[in-house]
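This briefing is meant to be read beside the sequence and the 3D view. It moves from the overall fold to a strand, a helix and a pocket.

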Amino acid sequence: MHRIREFESSDLGELVAHDRRMTRELIGEHGTAYCEDWLEKLTRPGRQQYLSYHTLVASDANNHAVGFAILHLRKRALRLGKRARGHYVELFFLSVAPECQRGGIGGRLVDASKHWASTQGAAEIRLAVISTNADAIRFYARKGFEEIGLLQNYPEKGVLSHRMRFLCEYHNEQTKNRSI
């Protein structure tokens, strides 16, 4: 059985390995992975900077990390109306070890991400999926995300990403109450 938990310092090596593998698979050998120092800065427990980032980990029975979700709370960055602005959460990294894929871990990480976003008062969760990753696009659609556009990622390689969003329950309740 796998559980979702908070990131621990000992998870950093596995997080970096996930990032390198995912970059190689999706973009190729010349793709640019995240800088290890930067990943360490935004995930280190007790950090004083990057406080708007949150990392969730899926771990196995031995507490070994087999999946990650990195979230970034973007305060007042979402236009909700003429004057109203709201928070959203960017899910900018989701990875599950290949031997654990298709076992529900990714879904549990997304569900935990939705929960965390709602506790932060976020109106939406947004993400970008590289257009060649059709399985991920279908996965996020099954988890309630809708496509809201395309954006140019890695322009030197001509890679497009599908921009997707999930409307959080908090936001849905607020919208429902305003329309009554």
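A residue is called buried here when its relative accessible area is under 20%, whereas over 50% makes it exposed. By that cut-off, Ala136, Ile137, Phe139 and Tyr140 are buried in helix α4, which spans residues 134-142. These four cover an arc of only 160° around the axis, and therefore they sit on the same side of α4. The model is a predicted one, and the points below should be read with that in mind.

**Overall fold**

- The protein contains five helices and seven strands, and their order along the sequence is β-α-α-β-β-β-α-β-α-β-β-α.
- Of its 180 residues, 42% count as buried.
- Among the contacts with a separation of 6 or more, 59% are made by residues 24 or more positions apart in the sequence.

**Strand β2 and its partners**

- Strand β2, made up of residues 53-59, is mostly covered, with seven of its seven residues buried.
- In a regular strand the side chains alternate between the two faces of the sheet.
- In β2 both faces are covered, since the buried residues include Tyr53, Thr55, Val57 and Ser59 on one side and His54, Leu56 and Ala58 on the other.
- Strand β1 (residues 3-6) pairs with β2 in the antiparallel sense over four bridges, and within this pairing Arg3 stands opposite Ser59.
- Strand β3 (residues 65-79) also pairs with β2 in the antiparallel sense, in this case over seven bridges.
- Two of the bridge partners in β3 are Phe68, which is matched with Val57, and Leu71, which is matched with His54.
- The hairpin of β2 and β3 has five residues between the strands, and there Asn63 takes a positive phi near 65°.

**Arg5 in strand β1**

- Arg5 lies in strand β1 and, because its relative accessibility is 5%, it counts as buried.
- Not counting residues up to four places away in sequence, Arg5 touches Asp11, Thr55, Leu56, Val57, Ser59, Asn63 and Ala65.
- Several of these neighbours have already appeared above: Thr55, Leu56, Val57 and Ser59 are buried residues of β2, and Asn63 is the hairpin residue with the positive phi.
- Arg5 and Ala112 are 107 residues apart in sequence, while their C-alpha atoms are 9.3 Å apart in space.

**The end of helix α4**

- Helix α4 is followed by Gly144, whose phi is positive and near 95°.

**The largest pocket**

- The space in the largest pocket comes to about 1200 Å³.
- Its lining consists of 40 residues, and those that lie nearest the centre of the pocket are Met22, Leu26, Leu94, Asn133 and Ala136.
- Ala136 thus links two parts of this briefing, because it is one of the buried residues of α4 that share a side of the helix and is also listed among the residues nearest the pocket centre.
- At least two lining residues come from each of α1 (12-27), β4 (85-96), α3 (105-119), β5 (122-130), α4 and β6 (146-153).
- Sorted by class, the lining of the largest pocket holds 21 nonpolar, eleven polar and eight charged residues.

Definitions and conventions
Residues numbered from 1 in each chain as written. Predicted model: local features only at pLDDT ≥ 70, side-chain atom pairs only at ≥ 80, totals over all residues. Heavy atoms only, no water. Buried < 20%, exposed > 50% of the residue type's maximum accessible area, 1.4 Å probe, protein only. Pairing = 2+ DSSP bridges. Arc of directions from axis to C-beta. 1 Å grid on protein atoms, 1.4 Å probe; cavity = no way out; pocket = protein on both sides within 12 Å on 5 of 7 lines; lining within 4 Å. Points joined across faces, edges and corners; volume = space filled by probe spheres on them. Nonpolar A, V, L, I, M, F, W, Y, C, P; charged D, E, K, R; others polar. Contact = heavy atoms within 4.5 Å.
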